[in-house]
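Q: Hi! I've got a structure open and I'm a bit lost. Can you walk me through it?

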Amino acid sequence: MSKVTGQPSTESRKVDHIRINLENDVQFPRLSTGLERYRFLHQALPELSLDDIDTTTSLFGKQLSAPLLISSMTGGTEIAQGINRNLARAAEKHSIAMGLGSQRAAIEDSALAGSYCIRDIAPDILLFANVGAVQLNYGYGLEQCRKAIDMVSADALILHFNVLQEAVQPEGDIDFSDLLRKVESICARVSVPIIAKEVGWGFSESAVRDLAGAGVTAIDVAGSGGTSWSEVEFHRAPSSFHARVARSFADWGIPTAEAIQYARRAAPDLPIIASGGLRDGIDIAKCLALGADVAGLASPFLKAASDSFQAVDELIQELKAQLRIAMLCTASRNIAALQQIELQLIA
């Protein structure tokens, strides 16, 4: 457990988060994504060639070569700049989507904006800006949301919801009261799509229904089973008291497989992004069959991007190859066909 003292700046907290994610085991100890409970019925006679498989899709009017998102991770520090640029180069090469980490650091200190700005090397990708929803209770409003969007020339804005993470941080922002009304106001006044995103504990069906009613354009379920941010905060804890409180929530949350189905039932007409513990193209395929439109990964991309652009490039190639083979072996010619596949629930 690493100790931090005093009230750390947003920038120093970002450094802690990157370091801890790279150096420590911060996965859920027992709670899984739930995806392992599902399997595809193998089709030995798909009547397709692998060359026939079409993984293209579109989101917010932009075409993607595959339903793949580099999920939001970081920004606001020097080390984050290199990570984001490796990710962006690879996203541009492969025509996939990318989300940026929370831009609060750069909104507070414009000198940090460069760590988020990647349009010079990724002019065509579907790119998401990112602001914490709770900041709407701490002085943020339309101006800050527009600043985040304009800072990076984003196609959409993520409002992320991280109530548990904030609650276990000694310096956390803990007032989530009357937030839905403020989210609704932002949705009505911002010109780009708004994505409501959890950060790893999933949305309940009622939460998705409320957010859809408030006008969000898409839901990123970010369920449990991957990185546990209460575990990350355990490693940041400045005292044994804070460490014990954070550790007690190590297995809290809604598994990703369940969160996808909750979101699809609650918002049948909204794009659903599946994330939270996905590790390969088969996981991506399962998420699409469960009701998602796009699937996002974070931890595997963080580790690859901390290495090199080439590592990110290779990871994307692997994910796309795994997805295409899963589609072939389920006789799914395209993404729409894959989304009609009925998964088998393992007893």
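A: Happy to! Let's begin with a pair of charged residues: E233 is buried, and so is R236. Keep in mind that this is a predicted model.

Q: What do E233 and R236 form together, and how far apart are the closest N and O atoms?
A: E233 and R236 form a salt bridge, and the closest N and O atoms are 2.7 Å apart.

Q: Where do those two sit in the chain?
A: Both belong to helix α8, which covers residues 229-236. They are three residues apart there, so about one helical turn separates them.

Q: Why does that spacing matter for which way they point?
A: An α-helix has 3.6 residues a turn, so residues three or four places apart point the same way.

Q: Which residues are linked with them in a network of salt bridges?
A: The network links E233 and R236 with R13, D16, R19 and E171.

Q: And how many salt bridges does the structure hold?
A: It holds 18 salt bridges. One of them joins the side chains of R104 and D173, at 3.2 Å from N to O. That pair links distant parts of the chain, 69 residues apart: R104 is in helix α3 (residues 104-108), while D173 is in the loop between α5 (163-168) and α6 (179-189).

Q: Are R104 and D173 buried or exposed?
A: Both of them are buried.

Q: Got another one for me? What does R119 form a salt bridge with?
A: R119 pairs with D155, and their closest N and O atoms are 2.8 Å apart. R119 lies in the loop between α3 and β6 and D155 in the loop between α4 and β7, so this pair ties together parts that are 36 residues apart in sequence.

Q: How do R119 and D155 count for burial?
A: R119 has a relative accessible area of 17%, so R119 is buried. D155 counts as partly exposed because its relative accessibility is 22%. The cut-off for buried is under 20%.

Q: New topic. What do the eight strands close into?
A: They close into a barrel, with parallel pairing. The order is β4-β5-β6-β7-β8-β9-β10-β11. From one strand to the next, the twist averages 25 degrees.

Q: Can we zoom in on one pair? How many bridges join β7 to β8?
A: Five bridges join them, and the two strands run parallel. On your screen, β7 is residues 156-161 and β8 is residues 194-198. As one example, L159 has A196 in β8 as its bridge partner.

Q: Which strands does α2 touch on the sheet?
A: α2 packs on the sheet by touching β4 and β5, and its direction makes about 160 degrees with that of β5. Another helix to look for is α4 (residues 142-152), which lies across β6 (127-132) and β7 and runs at about 150 degrees to β6.

Q: Back to α2. What span should it have, and what does the model show?
A: α2 has 17 residues (78-94), so at 1.5 Å a residue it should span 24 Å. Its end C-alpha atoms are 25 Å apart in the model, which agrees.

Q: Which α2 residues are buried, and what do they pack against?
A: The buried ones are A80, I83, N84, N86, L87, A88, A90, A91 and H94. They pack against α1 (10-23), β4 (68-70), β5 (97-99), α12 (299-307) and α13 (309-328).

Q: What follows α2?
A: S95 does, and its phi is positive, near 55 degrees. F60 also has a positive phi, of about 55 degrees, although F60 is not a glycine. You'll find F60 in the loop between β2 (57-59) and β3 (62-64).

Q: What about S102? Where is it, and what is it in contact with?
A: S102 is in the loop between β5 and α3. It counts as buried because its relative accessibility is 12%. Leaving aside neighbours within four places in sequence, S102 is in contact with K14, Y116, N130, G132 and H160.

Q: Last one: what is the mean pLDDT of the chain, and where is the pLDDT below 50?
A: The mean pLDDT is 96, and 98% of the residues reach 70 or more. Over residues 1-6 the pLDDT is below 50. That stretch has 17 contacts in the model beyond near neighbours in sequence.

Terms used:
Residues numbered from 1 in each chain as written. Predicted model: local features only at pLDDT ≥ 70, side-chain atom pairs only at ≥ 80, totals over all residues. Heavy atoms only, no water. Helix = DSSP H or I, 4+ residues; strand = E, 2+ residues; numbered from the N terminus. Expected span 1.5 Å × (residues − 1). Buried < 20%, exposed > 50% of the residue type's maximum accessible area, 1.4 Å probe, protein only. Contact = heavy atoms within 4.5 Å. Pairing = 2+ DSSP bridges. Axes fitted to C-alpha atoms, helices over the stretch in contact; angles between N-to-C directions. Salt bridge = Lys/Arg side-chain N within 4 Å of Asp/Glu carboxyl O. pLDDT = per-residue confidence, 0-100.
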